[in-house]
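Hi everyone, thanks for coming. I'd like to share a model with you, so let's put it on the screen.

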Amino acid sequence: MNLTLNNIVIKDKIRTSMIYIASFIIGILNVLFITNRTFAYILIFSEVLILLINLFRKKITAFLGCYLIFLSISIEFDVFVGSESFYSFKNFRLFGFNLGILMLIPIVILALLNFNKIITKIKEMRIFKKFLIGFLILNLIGILQGLLMLLVNDNNIILMDAFISSFINECYSMVLFPWMVILSFLYAYIKEPKMINNLKKYILGVFIGVITSTATSYVFKIYGYYGGVETLLISSVYFIFPIFILYCFYKTNITTILLFPIVLIFTYLILKYNSNGKFIILIGLVVIVAIFLIYKKSKKNLIRLFLIVVPLFVVLVIVLVQLRLFLNPTSLIFKIKFEQVLSMIEFWKPDWFANMEESPKYRIGEFANIFIEYVNKPYYALFGKGYMGTFKDYLGAFGADFSESGFSIAEWLNSSFYGVHETLNSLFLCNGLIGLTYFCYVIKLLIKNFHKSFYFLLGAIWFLIFYGYSVTLAALGLISLCVGFLDIYFSKGIIDEVI
């Protein structure tokens, strides 16, 4: 009995090591071969082969985990590479479809063939079921309302170039791909319930891959370019990288103690070379969540919390001040993004909105303009205007001249806009008051359950901030969210926790 148990533990440690080593290597190779077609294709074909082997061996959890690593560590957007000629798992296409969607098709078909079993399993998990039902309702409303906007030609939408393909792309990123990931996860769960927790190792593997990609780009000076500024060549997952700091607060052992300074170092590197407003805001959020986690671990002892948090807060203020002084002269992108964040929160200043930096002004202007759109057309307020629903710039928030960082030229020429930049604005535009209600519901779930699972926190933050933005982020966020819902389910003691 003990010998068998020891064998299981040894096999699990070997499997975990292989996942982390593979993530480590893939993170390096993705950067080294980003513009080398031959070697990049060898890497991509090897990744596809590994997925097919797992599929034929019916190792669904391993398939989904490998898929997550291959997709989420890969480079997604040419705008961050500085060239349209680059090669990655996400960027590779067959018959017009990228591997991100093609490789999930077999699993989705298997899931649909076992749909009754999936429904039965979902019914056991009340919170997860409510989230999925709400998400499905949002998607159906978004599609139907979007078709209605096309039918009535709201805001002259049919005059916009490629409006049909734009509608399809919106449905792909907001509906099709998310549900393919969710169905794949649920199928893995019903087929391998004792293996599903292994996905946590693959999720951590993604972050390891981001770290090695960052290091490779920095050491070998293989840079991308954004806005004419050199940036580190890493996947879109870096947007949510600060949340990885919190993993060290959920588990206290020698591994997380050693990992913590490493994560901080790479957070600093990304902050210097790839900084953006969301990244800076997430760092602030990480501090707040860390304080609450410390509070929980201190068994709600206020004196102990005070003794820990006050020195931490003082150190944080000193570090932030020094960081700003140090990075401002050396990092143009950090200086720009930091000033943008400051301009957004300094609401007490005269002419706050008028003098706000362009990026945050767009985001706040989007929400305000959508609100005015519904005031002018109140019959759309409840359900929203669906995918590809548009609004006018009533406030003049987007300026008089076209900006590539804001909206597409098609939107600009038509004087109507749909490509909003935040989940909040997207749900408000596509799903109206129902969308805002769902957004608040997810916030409520997050506040109530974030301390139970790092993976739920990661997935919920993805939804609240990055939903609809990126396929690589969506895969990581959705799988983390699904794993997190299972953590919440098991924490209630309804059934034994899976191994």
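I'll talk about a cavity, then about a pair of helices.

A quick word on the source: this is a predicted model, where local features need pLDDT of at least 70, side-chain atom pairs count only at pLDDT 80 or more, and totals for chains, interfaces and linings use all residues. Residues are numbered from 1 along each chain as its sequence is written, and side-chain values use heavy atoms, with hydrogens and water left out.

The structure holds two cavities of 30 Å³ or more; a cavity is a set of points, on a 1 Å grid over the protein atoms alone, where a 1.4 Å probe fits but cannot get out. The second largest has a volume of about 60 Å³, volume being the space filled by probe spheres set on the points.

What lines that second largest cavity? Its lining, meaning residues with an atom within 4 Å of a point, is L29, N30, F33, A40, L43, I44, E47, Y87, S88 and F89. Helix α2 (37-56) and helix α1 (2-32) each give at least two of these residues, and α2 has the largest share, four. Helices here are DSSP runs (H or I, at least four residues), numbered from the N terminus.

Now the helix pair. α3 (residues 60-72) and α20 (residues 471-491) pack at about 145°, axes 9 Å apart; axes are lines fitted to C-alpha atoms over the stretch in contact, and angles run from 0 to 180 degrees between N-to-C directions. In contact (heavy atoms within 4.5 Å), L64, L68, L71 and S72 of α3 meet V471, T472, A475, L476 and I479 of α20.

Key:
On a 1 Å grid over the protein atoms alone, a cavity is a set of points where a 1.4 Å probe fits but cannot get out, and a pocket is an open set with protein on both sides within 12 Å along at least five of seven lines; lining residues have an atom within 4 Å of a point. Helices (H or I, at least four residues) and strands (E, at least two) are DSSP runs, numbered from the N terminus.
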